[in-house]
Amino acid sequence: MADKGIFISFEGIDGAGKSTHIAALAEAFQTQGRVVALTREPGGTPLAEKLRTLVLNDAMDPLCEALLMFAARRDHLRLVIEPALARGEVVLCDRFTDATFAYQGHGRGFDLAVLSQLEQWVQAPTDSAEPRQPDLTIWFDLAPAIAAERLASARVPDRFESQPVDFFALVAAGYAQRMAQQPTRFARIDADQAKAAVWPRVRAACEQRGWLRPLEACS
Ligand code: TYD
């Protein structure tokens with residue numbers, strides 16, 4: 001039987017430590033014979049990557065920021081995500097729409113009802129259909145003060161990474177609200193632990209859904 005596409009997104013405030021786990025999960029799926037499409041938002045297509053450079057670096061108002069995030073998402077969905085899912089691949093996407101609700105909605109204070117309208121326009125295949133959502137969203141939850149410490153030693157910050165701790169507290173509350181609204185889609189993982197302790201939880205979220213075989217069953 002052909003594999004069914006699986007769409008997984010990864011979320012969290014800047015500094016929460018998503019990257020290594022996304023790479024490890026890609027390898028875990030590939031080891032079990034799945035084709036993986038590793039991608040990110042904003043970005044993932046030539047046009048969306050150009051929009052990413054703009055939105056992470058150029059000054060703009062919150063409406064412009066939200067529109068560019070959704071413009072990038074539209075291109076990414078049409079050209080990368082939907083085709084990969086149709087081919088039965090595993091799409092691992094570093095951030096998706098929950099980031100827009102958390103950062104533009106809660107962080108910047110932009111109107112959540114407008115974001116919901118954009119979500120419907122951009123992500124629904126037809127007007128009456130439900131918007132496309134990930135099958136699973138892994139949320140790396142970390143206290144903003146700890147994330148700020150981690151970021152302080154990182155590279156030159158972009159427009160989001162340079163925000164104060166208070167901004168990230170709002171963003172974290174935004175993720176919590178999205179999870180409360182769609183609890184079965186989310187796996188919240190406590191990211192205030194060593195990477196080696198976080199990884200088994202990431203893997204377990206996929207095993208519980210029957211997408212990865214437990215390691216002992218593979219040997
Ligand atoms: P991030 O995913 O942290 O990538 P990197 O690890 O390369 O820095 O950076 C993307 C930034 O974009 C992050 O600060 C959150 C922000 N963002 C939004 O504000 N809204 C969105 O809808 C998305 C997808 C990202």
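**View 1. The ligand and the residues around it in a predicted model.** In this predicted model, 17 residues surround the ligand, and the closest of them are Asp 14, Arg 95, Thr 100, Gln 104 and Phe 160; a residue is near a molecule if one of its heavy atoms lies within 4 Å of it. The shell around the ligand divides into six nonpolar, two polar and nine charged residues, where Ala, Val, Leu, Ile, Met, Phe, Trp, Tyr, Cys and Pro count as nonpolar, Asp, Glu, Lys and Arg as charged, and the others, Gly among them, as polar. Residues are numbered from 1 along each chain as its sequence is written, and side-chain values use heavy atoms, with hydrogens and water left out. Local features need a pLDDT of at least 70 and side-chain atom pairs count only at pLDDT 80 or more, whereas totals for chains, interfaces and linings use all residues.

**View 2. Polar contacts between side chains and the ligand.** A polar side-chain atom of Thr 100 lies 2.5 Å from an oxygen atom of the ligand, while for Arg 73 the distance from a polar side-chain atom to a ligand oxygen is 3.2 Å. Lys 18 likewise has a side-chain N or O atom 3.2 Å from an oxygen atom of the ligand; a polar contact is a pair of N or O atoms within 3.5 Å, and within protein one must be able to donate a hydrogen and the other to accept it, with residues adjacent in sequence counting only if both atoms are side-chain atoms.

**View 3. Helices that contribute to the shell.** Two or more residues of the shell around the ligand come from each of α2 (46-57), α3 (62-86) and α4 (97-107), and α4 gives the most, with four residues. Helices (H or I, at least four residues) and strands (E, at least two) are DSSP runs, numbered from the N terminus.

**View 4. Arg 34 and its backbone partners.** Arg 34 is found in the loop between α1 (19-31) and β2 (36-40), and Arg 34 is buried, with a relative accessible area of 13% (buried means under 20%, exposed over 50% and partly exposed in between, with a 1.4 Å probe and protein chains only). Polar atoms of the Arg 34 side chain lie 2.7 Å from the backbone oxygen of Lys 4 and 2.9 Å from the backbone oxygen of Gly 88.

**View 5. Backbone geometry at Pro 42 and Arg 95.** Most residues other than glycine have a negative phi, and most peptide bonds are trans. A cis peptide bond with an omega of about -15° joins Glu 41 and Pro 42, and Pro 42 has its place in the loop between β2 and α2. Arg 95, in the loop between β3 (90-94) and α4, has a positive phi of about 80° although it is not a glycine.
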